[in-house]
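Visitor: Please take a close look at a single strand and the strands that pair with it. I would like one connected account.

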Amino acid sequence: MSVTDVTDLHEEFGGERLPPGQRKTSKFPVLSKSGTPDWNPETWEFTVTGAVEEELSFSWEEFKDLPSETQKQDFHCVTGWSKFDCEFAGVTFPDLAEMAGVEDDAVHVMFSALDGYTTNLPLDDCMREEVLFTYEFDGDALPEEHGGPLRVVTPHKYAYKGAKWVDGVEFLTEPERGYWEKRGYSNTANPWNEERYS
């Protein structure tokens with residue numbers, strides 16, 4: 001199995017591997033807005049909607065059958081910790097976007113999750129190979145407390161931009177703000193600029 005190493009991503013943003021104000025940890029703390037939601041692999045559904053040529057819907061088995069890749073990424077939490085060399089496997093955002101066919105007037109993306117969480121990013125920030133819908137962590141199924149069965153990882157942003165328990169992505173023609181963004185967190189969330197709060 002080949003693994004794509006994207007841990008040099010910080011060079012693009014002109015910063016050190018450990019962003020300012022972060023501390024490196026070997027642990028993987030659990031932080032969520034509420035408890036871990038239940039899910040049923042028989043009824044779970046992932047949807048792609050909005051400004052696309054073809055809205056999509058996948059069962060759990062169908063999603064797992066999509067083309068996937070494994071990446072080594074760093075993970076930066078807005079609360080001040082970073083975990084290096086996380087191995088995530090899943091479907092890249094650009095691959096999913098290509099399947100749906102993004103309309104020319106799409107400018108923004110909203111992710112939704114089983115627990116009601118939402119988070120947003122400009123479309124340009126999503127159309128990167130490192131933005132991954134991941135269902136495996138370090139060779140095992142992604143633990144539910146870390147967002148399993150499926151979460152988004154965004155190594156170029158603070159991790160609140162990557163929804164746990166993600167069950168849908170909507171392509172928007174106007175920017176909108178998600179759960180934490182409406183509550184004072186940064187809309188841009190660049191770790192190397194310490195964009196934690198707005």
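Guide: In strand β12, V109 has F171 as its bridge partner. V109 belongs to the pairing of strand β7 (residues 108–113) with β12, which is antiparallel and has six bridges. Two strands count as paired if DSSP finds at least two bridges between them; strands are DSSP runs (E, at least two residues), and helices are runs of H or I of at least four, both numbered from the N terminus.

The model is predicted: local features need pLDDT of at least 70, side-chain atom pairs count only at pLDDT 80 or more, and totals for chains, interfaces and linings use all residues. Residues are numbered from 1 along each chain as its sequence is written, and side-chain values use heavy atoms, with hydrogens and water left out.

β12 also pairs with strand β3 (residues 45–50), here in parallel and through four bridges. In this pairing V48 lies opposite V169 of β12. Because six of the seven residues of β12 (residues 166–172) are buried, the strand is largely enclosed by the rest of the structure. Buried means under 20% relative accessible area, exposed over 50%, and partly exposed in between, with a 1.4 Å probe and protein chains only.

As for the wider setting, UniProt (unreviewed entry) places the feature "domain: Oxidoreductase molybdopterin-binding" at residues 35–180. UniProt positions follow the numbering used here, feature names are shortened, and annotations may be inferred rather than shown by experiment. The span of residues 35–180 is 12% helix and 40% strand, and its end C-alpha atoms are 16 Å apart.
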